[in-house]
Amino acid sequence: MSTQWTVSEDAINSLTNSSTHHYVILVPFQRVASIDATLCFIMQRCTCTLYNAKMQQTSPCTTSPVDSILDLVGNTPMLKMHTIDTGLCDLFLKLELQNPGQSIKDRIAVTMIDKAEREGDLKKGVRIIEATAGNTGIALALVASQKGYEITVVVPDKMSEGKIAHLRAMGARVILARSDVEKGHPDYYQDVAKKLADENGWFFVNQFSNEANVEAHYATTGPEIWAQMDGNIDAIVIGVGSGGTISGIGKYLKEKNPDIEVILADPEGSILAPLVNEGKEVSAGSWLVEGIGEDFVPSITDLDLVTKGYWITDKESFVTARELLQLEGVLAGSSTGTLVAAAKHWAKEQSEPKRIVTFACDHGSKYLAKMFNDYWMLDQGFIEREQHHDLRDLISRRHETKEDFTLTPTLPVIQAIKNMRLYDISQMAVIDSQGQVIGILDESDILLGVITDADNFRKPVSEFMSTKLSTLPSTASINELIPLFSNDMVAIVLDDSSNFLGLITKIDLINHLRKQLPR
């Protein structure tokens with residue numbers, strides 16, 4: 001039996017005097033904010049489901065508090081995809097981004113630290129140190145904060161600023177290591193972490209050879225997937241960072257059903273997919289996807305569990321992650337893009353319906369400045385735009401398509417500074433009412449103007465902009481940029497009708513030359 005109530009005094013009395021029924025409460029949308037305390041009181045006294053007049057909630061409210069943020073690790077939901085194209089197959093996404101540290105790595109952090117404490121390897125007063133692509137560090141920092149440990153995290157210098165900011169906000173000390181060297185080099189991030197641990201007597205977690213990493217997924221993630229899918233799984237798509245996920249989940253699911261295929265999603269440049277598919281050892285390349293892909297085989301990684309591997313390019317990974325947000329509403333990280341792309345490839349090779357599971361490994365909020373930023377994607381060459389085969393191709397923010405940020409001559413200097421900080425640029429074109437460039441304002445112009453008189457912050461940019469302008473037609477040679485840059489100037493590019501097309505700076509030329517290199 002269920003009863004619908006609007007929140008009134010009579011309803012409250014009736015609800016709280018009964019303990020035998022499950023009640024459904026109908027709440028007017030406009031009153032939700034004002035009745036929180038009342039609802040909390042009711043939910044503490046009886047079992048109920050809350051419905052909002054505009055937003056239906058179909059799952060029962062959770063009324064039991066947990067003792068620690070760490071108690072919320074695991075038991076993440078499984079989401080069926082409906083719009084992503086997987087041919088005849090059904091794709092399911094386990095939302096590991098809903099862990100409190102926003103990634104699947106929360107699971108192994110809890111398990112590895114608990115095991116170290118039990119075995120006496122980690123004691124109060126000892127600092128934790130780990131080498132990580134970011135998410136394990138965040139997870140360990142979360143555990144460390146709750147258990148009273150200090151932590152140092154060594155990360156490769158390609159990690160997103162969002163992850164690094166997250167680590168520092170949690171009190172972790174962050175050390176950046178080179179991402180262009182392989183294991184065995186003294187500047188490799190794992191070697192840096194081990195050296196610091198040995199020199200200072202710190203506890204080196206070492207997820208890449210820590211069996212508790214595998215145990216975490218064998219004991220929790222694997223059983224959760226099996227239960228959520230009612231044992232009806234044909235394939236699971238997993239990446240390898242440290243190897244614990246593929247080894248733990250793969251082992252558990254294979255024990256349940258040996259016919260389940262374990263598929264490796266690997267960034268192009270990693271050594272693992274060629275090793276799985278051809279038994280071929282290749283030299284590691286480079287990739288921008290974070291958290292998966294390796295230049296060595298971690299000792300805890302059981303590649304014998306893997307049926308097939310797919311090399312996925314950075315571009316396909318990032319485009320797929322953006323597609324996942326646009327089509328399914330899931331804001332997930334770059335490695336999720338790799339996993340979903342590999343799942344799509346496997347699905348389209350099937351001749352009959354199959355059920356595939358993969359992961360939203362971490363939250364996409366850490367990547368808003370990177371793969372979810374159109375300009376970053378353009379700078380990396382991952383978003384295609386019209387090519388002209390002249391100087392227009394070097395303009396990173398094209399004026400004709402309103403990609404750039406410009407100033408008006410009457411704008412106060414203080415506002416120009418805010419715009420520069422907001423858009424993370426150091427110089428801006430000043431354009432008059434006819435659309436003509438009449439000046440360039442850069443950081444040096446501002447500094448010289450305000451260092452002796454703070455009142456100049458409120459004066460118009462026209463009083464401080466440089467009017468010594470260097471214009472080039474779009475048909476000019478790249479070599480004509482060099483003299484301008486040598487004189488610390490920017491190039492103002494015009495079309496045949498003298499219309500402003502955009503600016504070219506030194507970094508624009510550098511980016512253009514970098515894109516010519518093989519990836």
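This is a short walk through one sheet, two residues and a pocket in a predicted model.

Okay, let's start with the sheet. Six strands make it up, and the sheet is open, running β4-β5-β13-β10-β11-β12 with mixed pairing. On the edges you have β4, residues 78–80, and β12, residues 306–312, and each of those pairs on one side only. If you ignore direction, neighbouring strands here are turned by 25° against each other on average.

Let me zoom in on one edge. β4 runs antiparallel to β5, which covers residues 90–95, and 3 bridges join the two. If you want a pair to click on, take K80: its bridge partner in β5 is F92.

There's also a helix packed on this sheet, namely α8, residues 244–256. α8 touches β10 (235–238), β11 (261–267), β12 and β13 (355–360). And the direction of α8 makes about 170° with that of β10.

Now, staying around β4, go to the loop that leads from β3, residues 48–52, to β4, because that loop is where you find D71. So is D71 buried, exposed or partly exposed? Partly exposed, since its relative accessibility is 47%, and the exposed class only starts over 50%. As for what the D71 side chain is doing, it reaches the backbone nitrogen of D67 at 3.3 Å. One more distance while we're here: D71 and N99 sit 28 residues apart in sequence, and their C-alpha atoms are 10.0 Å apart in space.

Next residue: K344, over in helix α11, which spans 334–348. Where D71 was partly exposed, K344 is a lysine that counts as buried, because its relative accessible area is 15% and the cut-off for buried is under 20%. What does K344 touch, leaving out residues up to four places away in sequence? The contacts are I84, D85, T86 and E323.

Last stop, the second largest pocket. Its volume is about 400 Å³. There are 19 residues lining this pocket, and the ones closest to its centre are Q427, D442, D488, M489 and V490. Which elements give two or more residues to that lining? Those are β15 (437–442), α14 (443–450) and α16 (506–515). The largest share comes from α14, with 3 residues.

That's my tour; happy to go back to any of these on the screen.

Definitions and conventions
Residues numbered from 1 in each chain as written. Predicted model: local features only at pLDDT ≥ 70, side-chain atom pairs only at ≥ 80, totals over all residues. Heavy atoms only, no water. Pairing = 2+ DSSP bridges. Helix = DSSP H or I, 4+ residues; strand = E, 2+ residues; numbered from the N terminus. Axes fitted to C-alpha atoms, helices over the stretch in contact; angles between N-to-C directions. Contact = heavy atoms within 4.5 Å. Buried < 20%, exposed > 50% of the residue type's maximum accessible area, 1.4 Å probe, protein only. Polar contact = N/O pair within 3.5 Å; in protein donor to acceptor, adjacent residues only side chain to side chain. 1 Å grid on protein atoms, 1.4 Å probe; cavity = no way out; pocket = protein on both sides within 12 Å on 5 of 7 lines; lining within 4 Å. Points joined across faces, edges and corners; volume = space filled by probe spheres on them.
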